[in-house]
Amino acid sequence: MLTSKERAALRARAVSEPDRMQIGKNELTEAAVLEMNHLLEDWELVKVRVLETSGKAPGEVCDELAERCHAEPVQVIGRKFVLYRKSRKLEEKRRKRAEAEKRLAKNQKQGRSSGKKPLKSGPRRASRSGKSGKR
């Protein structure tokens with residue numbers, strides 16, 4: 001169950017999300033549920049449009065699809081609704097990125113480079129101002 005603050009943050013994220021799925025006159029087939037599961041695993045937050053040809057109201061479709069996909073309904077506005085389910089795949093990517101950033105910060109704190117060769121330090125050349133010498 002989402003808290004009101006979590007739901008508000010997800011609603012804000014959903015504003016810029018495109019519709020990733022449409023539900024029409026065939027309503028919720030097994031293929032639609034399977035596709036929604038794939039979308040939720042890839043995106044976590046999925047916006048769905050219920051077409052006019054659908055025989056059900058968007059709220060009913062949202063509730064049924066959320067139940068069948070084990071997702072949380074975020075909002076229903078007009079003919080669109082948003083579902084959320086935490087993705088194991090995306091969570092793993094975030095965890096790996098956080099570990100890499102932590103290692104990088106630790107190496108920088110200890111004065112180590114980030115795996116790149118250090119810059120050569122040699123005698124400095126005089127700057128060319130255009131007034132002295134040939135080019």
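**K89 and its partner**

I started with K89, which comes out partly exposed at a relative accessible area of 40%. This is a predicted model, so I keep in mind that the contacts below are computed from predicted coordinates. What does the K89 side chain meet? I found D42, in a salt bridge with N to O at 2.5 Å. D42 sits in helix α2 (residues 30–43) and K89 in helix α4, so this pair ties together parts that are 47 residues apart in sequence. I also looked up the accessibility of D42: 35% relative, hence partly exposed.

**Confidence check**

Before going on, I looked at the pLDDT. The average for the protein is 88, and 82% of the residues score at least 70. Among the named elements I checked helix α4 (residues 88–109), where confidence is lowest at a mean of 90. Strand β4 (residues 80–84) has the highest, at 98. My reminder to self: where pLDDT is low, the predicted coordinates should not be read in detail.

**Other salt bridges**

How many salt bridges does the structure hold? I get 13.

I looked at K86 next, and its side chain meets that of E91 in a salt bridge at 4.0 Å, N to O. K86 is exposed, with 53% relative accessible area, while E91 is partly exposed at 35%.

Then I went along helix α4 to R95 and E99, whose side chains form a salt bridge at 2.5 Å, N to O. Why can these two meet? They are four residues apart in helix α4, so about one helical turn separates them. R95 is partly exposed at 37% relative accessibility, and E99 is partly exposed too, at 36%. I also noted a network: E30, K56, E64 and R68 are joined by salt bridges that share partners.

**The sheet**

I moved on to the strands. Four of them make an open sheet, ordered β1-β2-β4-β3, with mixed pairing. Which strands are at the edges? They are β1 (19–23) and β3 (72–77), each pairing on one side only. Direction ignored, neighbouring strands of this sheet are turned by 25° against each other on average.

I looked closer at β2 (residues 45–50) and β4: they pair in the antiparallel sense, over five bridges. V46 stands opposite L83 in β4. Helix α3 (residues 58–69) packs on this sheet and touches β1, β2, β3 and β4. The direction of α3 makes about 15° with that of β4.

**E44**

Last lookup: E44, which is in the loop between α2 and β2. Is E44 buried or exposed? I get a relative accessible area of 2%, and with the cut-off for buried at under 20%, E44 counts as buried. Where does the side chain of E44 reach? I traced it to the backbone nitrogen of S87, at 3.1 Å.

I then listed the contacts of E44, leaving aside its neighbours within four places in sequence. They are R13, L39, L83, Y84, R85, K86, S87, L90 and R94. Some of these turned up in earlier entries: L83 is the residue opposite V46, and K86 is the salt-bridge partner of E91.

Technical notes:
Residues numbered from 1 in each chain as written. Predicted model: local features only at pLDDT ≥ 70, side-chain atom pairs only at ≥ 80, totals over all residues. Heavy atoms only, no water. pLDDT = per-residue confidence, 0-100. Buried < 20%, exposed > 50% of the residue type's maximum accessible area, 1.4 Å probe, protein only. Pairing = 2+ DSSP bridges. Axes fitted to C-alpha atoms, helices over the stretch in contact; angles between N-to-C directions. Contact = heavy atoms within 4.5 Å. Polar contact = N/O pair within 3.5 Å; in protein donor to acceptor, adjacent residues only side chain to side chain.
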